[in-house]
Amino acid sequence: MDTNQTIPVTATAQNAAGTIRVRATDEGLPIDLRIDPRELRFGAAQLAEAIVALNRRAALEAAILRREQLSAQGVHSDVLDRMGMPTRDDLPDLEHDEGGHGTHPTWMHRPL
């Protein structure tokens, strides 16, 4: 086993209803996807949009975890900033930029 190989950092994001859940690496690779069958009846476009937004959210959270690990290992914050590693302050920006897709109530919480 190569000891120089890094172990992927992952995080999970889910919609408010918990009906769509995506686990992704800090590089944005989705590695697990869970979809409640009730989500399927609302169309592929809406589902795809939610999955992509949740994948971005999970990848960002995983990258933040990676930054925290590197910081704990002694990498200075200036270096991490130059590397473009996100901080916890970047999380609200993601929600705003994507209109909160996947982070706010889904069809299950909308008034009829």
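Is Ala59 buried or exposed? Keep that in mind while you find your way around; this is a predicted model, and the tour will come back to Ala59 once the surroundings are familiar.

**Stop 1: the sheet**

Start by selecting residues 10–14, which make up strand β1. Next add residues 20–25 for strand β2 and residues 30–35 for strand β3. Together these 3 strands form an open sheet, running in the order β1-β2-β3 with antiparallel pairing. The edges belong to β1 and β3, each of which has a pairing partner on one side only. On average, neighbouring strands here are turned by 10 degrees against each other, if direction is ignored.

Now zoom in on β1 and β2. Their antiparallel pairing runs over 5 bridges. For one place to look, pick Ala11 and find Ala24 of β2 standing opposite. As background, the strands of a sheet are held in pairs through backbone hydrogen bonds.

**Stop 2: the helix on the sheet**

Select residues 44–72 to bring up helix α1, which packs on the sheet and touches β1, β2 and β3. Compare the helix with β2: their directions make an angle of about 40 degrees.

Here you can return to Ala59, which sits in helix α1. Ala59 is buried, because its relative accessible area is 11% and the cut-off for buried is under 20%. Which residues is Ala59 in contact with, leaving aside neighbours within four places in sequence? Select Ala24, Thr25, Asp26 and Gly28 to see them. Then draw a distance from the C-alpha of Ala59 to that of Asp26: the two are 4.8 Å apart in space, although 33 residues separate them in sequence.

**Stop 3: salt bridges**

Switch on the side chains for this part. Side chains of opposite charge can pair when their charged atoms come close. How many salt bridges does the structure hold? There are 6, and the tour visits some of them.

Stay on helix α1 and select Arg57 and Glu61. Their side chains meet in a salt bridge, 2.5 Å from N to O. Both residues lie in the helix, 4 residues apart, or about one turn. Arg57 is buried, with a relative accessible area of 15%, and Glu61 also counts as buried, at 17%.

Move along to Arg67 and Asp81, another salt bridge, where the closest N and O atoms are 2.7 Å apart. Arg67 belongs to helix α1 while Asp81 belongs to helix α2 (residues 77–82), so this pair ties together parts that are 14 residues apart in sequence. Colour the two by accessibility and you will find Arg67 buried, at 11% relative accessible area, whereas Asp81 is partly exposed, at 45%.

Finally, select Asp36 and Arg38. Their side chains form a salt bridge with an N to O distance of 2.8 Å. Arg38 is partly exposed, with a relative accessible area of 38%.

**Stop 4: a patch on the surface**

For the last stop, turn on the molecular surface and select Leu33, Ile35 and Leu40. These residues form a nonpolar patch there, with about 250 Å² of accessible area together. Leu33 will take you back to the sheet, as part of strand β3. Why can Leu33 be counted in such a patch? Leu33 is partly exposed, and its relative accessible area of 41% fits the patch requirement of over 30%.

Notes. Residues are numbered from 1 along each chain as its sequence is written. This is a predicted model: local features need pLDDT of at least 70, side-chain atom pairs count only at pLDDT 80 or more; totals for chains, interfaces and linings use all residues. Side-chain values use heavy atoms; hydrogens and water are left out. Patches are made of residues with over 30% relative accessible area and no salt bridge: like charges are joined within 9 Å, nonpolar side chains (Val, Leu, Ile, Met, Phe, Trp, Tyr) within 5 Å. Accessible areas come from the Shrake-Rupley method with a 1.4 Å probe; for residues, only the protein chains shown count as cover. A salt bridge is a side-chain nitrogen of Lys or Arg within 4 Å of a carboxyl oxygen of Asp or Glu. Helices (H or I, at least four residues) and strands (E, at least two) are DSSP runs, numbered from the N terminus. Buried means under 20% relative accessible area, exposed over 50%, partly exposed in between (1.4 Å probe, protein chains only). Two strands pair if DSSP finds at least two bridges between them. Axes are lines fitted to C-alpha atoms, for helices over the stretch in contact, and angles run from 0 to 180 degrees between N-to-C directions. Contact means heavy atoms within 4.5 Å.
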